[in-house]
Amino acid sequence: MNLFDAILTRRTIKEFTDQPVPDDLLHQALDAGRWAQNHRMTEPWRFLILGPQSRQAIAAINGDAVLEKARADAGMLAKMRTDAEAKILSKPRIVAVTCCLCGNKEVEQEDYAAVSCAVQNIQLAAWGLGLGMQWTTSGFTTWPDTYALLGVDPAQEMIAGLLYFGFPAAVPDPKPRKSLAEVTRTLP
Ligand SMILES: Cc1cc2nc3c(=O)[nH]c(=O)nc-3n(C[C@H](O)[C@H](O)[C@H](O)COP(=O)(O)O)c2cc1C
């Protein structure tokens, strides 16, 4: 796939087939993240590949998050929890991405930008390998329970989000974008 095709056809994928994602494919996509630009060569990204137990635990945290949002009647709540857990477990592979914190606000801002570049590299590489990916920053991804589950010390690293990977079951239409003219000003 040429570079422009990859950039223009890349979509956020939320629905995946049941086909398992082989480790080597996932590793190839994550490896592209390591090559992202980063100021001062801080290489601030860390990737946590969730195994079966951690997937169950993160699904349960999402269940709690949905209940917290809703507070409906008991029967409804039980179904909402099951649905919320099933949603997470329907993602064939889950990788948490964190950004190392150094205590210097300016460098931390650059480092978060670098982690975002890494995620874009990973999503494009995955796309080129036939894999879909969604980056989520949904509220529960930064709950204290999630830091504890993933063994991430909030004084050392911030969770930049979860990446869901799988073979696409559906590829959404592109969302409309502002034209280049709308987002560009040419200065004298
Ligand atoms: C930092 C960041 C966080 C995101 N978090 C979510 C999320 O929590 N839930 C979600 O459905 N999509 C999330 N997305 C994906 C965007 O919704 C998606 O990129 C946007 O709708 C454009 O669609 P496209 O990626 O297919 O072009 C996130 C994207 C970024 C960059």
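Here's a walk through this structure, from one helix to the core and then the ligand. It's a predicted model, where local features need pLDDT of at least 70, side-chain atom pairs count only at pLDDT 80 or more, and totals for chains, interfaces and linings use all residues. Residues are numbered from 1 along each chain as its sequence is written.

Let's start with helix H4, residues 74-89. (Helices are DSSP runs of H or I with at least four residues, strands are runs of E with at least two, and both are numbered from the N terminus.) Ala84, Glu85 and Ile88 are buried in H4, where buried means that 20 or more other C-beta atoms, placed from the backbone, lie within 10 Å of a residue's own, and exposed means 12 or fewer. They sit on the same side of H4 because they cover an arc of only 95° around the axis, going by the directions from the helix axis to the C-beta atoms. The face turned away carries exposed residues, including Met76 and Lys79. On the buried side, H4 packs against helix H3 (52-70).

Next comes the largest nonpolar core, with 31 residues. Such a core is a set of buried Ala, Val, Leu, Ile, Met, Phe, Trp, Tyr and Cys residues joined through C-beta atoms within 7 Å. Helix H5 (105-128) is one of the elements giving two or more residues to this core, and its eight residues are the largest share.

Finally, look at the ligand. Among the residues around it, with a C-beta atom placed from the backbone within 6 Å, are Arg11, Trp135 and Lys175. Strand S3 (residues 132-136) gives the most to this shell, with three residues.

Conventions
The expected span of a helix is 1.5 Å times one less than its number of residues. Two residues are in contact if their C-beta atoms, placed from the backbone, lie within 7 Å.
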